[in-house]
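Reader: I would like a close look at one part of this model. Please keep it brisk and work outward from there.

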Amino acid sequence: MITIKNIRKTYQSGDIEVQALQDISLTIKPGEFTAIVGPSGSGKTTLLNIIGGLDSPTKGSVKINETDITQLPENELIDFRLHHIGFIFQSYNLIPVLTAKENVEFLMLLQKKNEQARNERTLKLLKAVGLEDQIHKRPNEMSGGQQQRVAVARALASKPSFILADEPTANLDSKSSENLLNIMQRLNREEKTTFIFSTHDQRVIDKANRIITIEDGKIISDTSQ
Amino acid sequence: MELKLAWRNIFRNKRRSIITISSIIFAVVFSVTMRSLQHGAYDNMLKNIVGNYLGYIQIHYNGFWEEKTIDNSFYIEDLDSLKANPTIAYINHRIEGFALASHQKESKPVVILGINPSKESEHNQIKNSLISGSFLSNKKNGILIGKGLQKIMNINIGDSLIFLSQGFQGSIASGIFPVLGIVDLKTPDLNRRTVIMNLGNAQDFFGIDNMATSAVIGPKNDEWEKAEKSILTQLDSSQFEIMNWQQMLPELKQLIDVDRAGGTFVLIILYSILTFSLFGTVLMLAEERNFEFGVLVAIGMRKSIITRIALYETLIMSVVGVILGLICVIPVVTYFHFYPINLSGQMQEVVEQFGFEAIIPTSLNPWISITQALIVFSITIFVNLYTLVKIKNIQPTKAMRS
Ligand SMILES: Nc1ncnc2c1ncn2[C@@H]1O[C@H](COP(=O)(O)OP(=O)(O)OP(=O)(O)O)[C@@H](O)[C@H]1O
Ligand SMILES: [Mg+2]
């Protein structure tokens, strides 16, 4: 359960104050498959960063299962992300020197899981994203769609409470996008992992079961379908 | 995993790793070669003038070095206790005294050097400098004179020189000795005023039986500092003065110090070049990896782990660089130790005029390599501290936006 209360984010760029988020309150329940939509500059990335503890709000609190992450000291916040939050980035951001398998395994190593558990989960996830025959390839040997599927597997590997994905399909062609979304949807059901993603893509929006629209840093609609 | 990541990162950007490692190799090779040549030159210089002629250490009766009078002689048996000293290889007793030498109408002040020619260390040196005639023996009366003196006095082998001097405690010393051979002592000054004779002849001449003015100490393995210390504890310093070459030849010590400072200056320039070139690659690397480090922090890797990975990378590269550098330089230095560089042309003449051999053998002192390797290593680590600071200040959102 994610509870966001009265979030504000003000950026100071030079003399100008930019109100990226203005008084946002929101609750996201386990198992949701939620899209955050809105025009460019509306504050989607800012909101996701704050939920993920990558950025701190100017005001307000972000509670994840009773932990207010805005109050955590740096190392504890990093550990919190490791154990509770999965990230999928627009530009994949895999570790270039590691193979697909190693990239997926990586966070479990940081979590100090034993080898057997790591191997099982890695293979299971790579299979789930349809890359069981690519496990020894490095990121630069894979297509964008394949890399993003590795990224999905990586985000799930640590068994996080939820996954944040900022425009995960923005760099993909429509076929790969659709494929990725189907995989995410299936994993959302099978792994019971919450997904929160931002997007511009109407076909992606259609797959969500809740759509939160923001404009100028404010929520203007919140619908479930 | 941390080591694996560090290792792969090194191989990821091969070109930069090669540049980094090569500059470390270059610095090690250059600095070790230079220092070895310098120290080799000093060692050789010392061996030449100090080791043979003057000796690393001399013992005199107190005050002799200042006044150089025969009255400051000592009984040879008073130093017998030193024979058992394990830091000493040999002791050569000598007499050094002034006299007036005459031949026909010519008279010149000279230094009479009484030595024991049957001692191998003395024998070799005379033999090397002998340019005509024969050298001293224990049986025959006779002298060797410097080639400059020969010219001035216009004297030939077989002719005799008459000497007049003040002997022990005010007595009159006089004698006549035939010239056995001519020696070239390399420095013009020595050649103009040196007369070499048997220690026994000199004792008779100056009237100091069983005595000498100087004892030249040959330290074991040229470790004169060790020998000096040991002698100082053994002898009564109110009776004897124990002098090392630096005290006897302060100019030479100064020359070496100045040269060493020059070398240090060159090395500091080299170290600066190394620092800047490494810093350049470190800076580029840090900028480039900023994004990646940002991702790692975002997905849950503590900065301390990232720091450790970066440190491993640096350590691996510097250790490899330093070791490769040493592997390259040690054979070179060793080669030039056994086959020294020969100076030629003008350099050769100048150097020989000062009484040195015109060769530069490199020094094999392992401390040179160890110190230089450690200095280069520390510079590498120091430069890479920048990366660590950079990692400490990473903010994932900022880093990932770049
Ligand atoms: N670091 C920053 N400094 C200053 N202003 C910023 C910063 N990051 C974002 N902003 C501003 O905050 C507002 C919201 O930006 P944000 O990136 O969240 O929008 P977005 O909805 O993700 O847009 P897009 O669809 O283009 O990704 C914008 O006006 C942007 O210019
Ligand atoms: Mg955005």
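In which helix of chain B is the place of Cys328(B)?

Author: Cys328(B) sits in helix 11 of chain B. A caution before going on: this is a predicted model.

Start with the residue itself. Cys328(B) has a relative accessible area of 41%. That value lies between 20% and 50%, so Cys328(B) counts as partly exposed. Set aside the neighbours within four places in sequence, and Cys328(B) is in contact with Ile25(B) and Val29(B). For a sense of span, take Ile162(B), which is 166 residues from Cys328(B) along the chain. The C-alpha atoms of these two residues are 61 Å apart.

Next, the helix in its wider setting. Helix 11 covers residues 303-338 of chain B. The contact between the chains takes 21 residues from chain B and 25 residues from chain A. Together the two chains bury about 2100 Å², and 66% of that is on carbon and sulfur atoms. On the side of chain B, the residues that lose the most area to chain A are Arg8(B), Ile299(B) and Arg302(B). Those three account for 31% of what that side buries.

Now the polar part of the interface. There are 7 residue pairs in polar contact between chain B and chain A, counting pairs with both residues at pLDDT 80 or more. Helix 11 is one of the helices of chain B that each supply at least two residues of the side touching chain A. The others are helix 1 (2-12), helix 10 and helix 14 (396-401). Helix 10 of chain B gives the largest share of that side, 7 residues.

Salt bridges also cross the interface, 4 of them. Over all chains the count is 24. Side chains of opposite charge can pair when their charged atoms come close. Two of the area-losing arginines take part. Arg302(B) pairs with Asp79(A), with the closest N and O atoms 2.4 Å apart. Arg8(B) pairs with Glu102(A), and here the closest N and O atoms are 2.5 Å apart. Glu102(A) lies in helix 3 (residues 100-110) of chain A and Arg8(B) in helix 1 of chain B, so this pair joins two chains. Both Glu102(A) and Arg8(B) are buried.

Helix 10 of chain B (250-299) has another role to note, in a surface patch. Phe26(B), Phe30(B), Phe265(B), Val266(B), Ile269(B) and Ile273(B) form a nonpolar patch with about 580 Å² of accessible area together. Helix 2 (14-54) and helix 10 of chain B each supply at least two of its residues. Helix 10 gives the most, with 4 residues. One residue of the patch, Phe265(B), is found in helix 10. Phe265(B) has a relative accessible area of 55%, so it is exposed.

Chain B has further salt bridges to check. Arg12(B), Arg289(B), Glu292(B) and Glu313(B) are linked in a network of them. Elsewhere, Asp184(B) and Lys147(B) meet at 3.3 Å, N to O. Asp184(B) is in the loop between strand 8 (172-183) and helix 6 (188-193), while Lys147(B) is in helix 5 (residues 147-153), so the pair ties together parts of chain B that are 37 residues apart in sequence. Asp184(B) counts as buried, at 17% relative accessibility. Lys147(B) is partly exposed, at 37%.

Conventions:
Residues are numbered from 1 along each chain as its sequence is written. Chains are lettered from A and ligands numbered from 1 in the order in which they are written. This is a predicted model: local features need pLDDT of at least 70, side-chain atom pairs count only at pLDDT 80 or more; totals for chains, interfaces and linings use all residues. Side-chain values use heavy atoms; hydrogens and water are left out. Patches are made of residues with over 30% relative accessible area and no salt bridge: like charges are joined within 9 Å, nonpolar side chains (Val, Leu, Ile, Met, Phe, Trp, Tyr) within 5 Å. Accessible areas come from the Shrake-Rupley method with a 1.4 Å probe; for residues, only the protein chains shown count as cover. A salt bridge is a side-chain nitrogen of Lys or Arg within 4 Å of a carboxyl oxygen of Asp or Glu. Buried means under 20% relative accessible area, exposed over 50%, partly exposed in between (1.4 Å probe, protein chains only). Contact means heavy atoms within 4.5 Å. Buried area is the accessible area (1.4 Å probe) that two parts lose on being put together, summed over both. A polar contact is a pair of N or O atoms within 3.5 Å; within protein, one must be able to donate a hydrogen and the other to accept it, and residues adjacent in sequence count only if both atoms are side-chain atoms.
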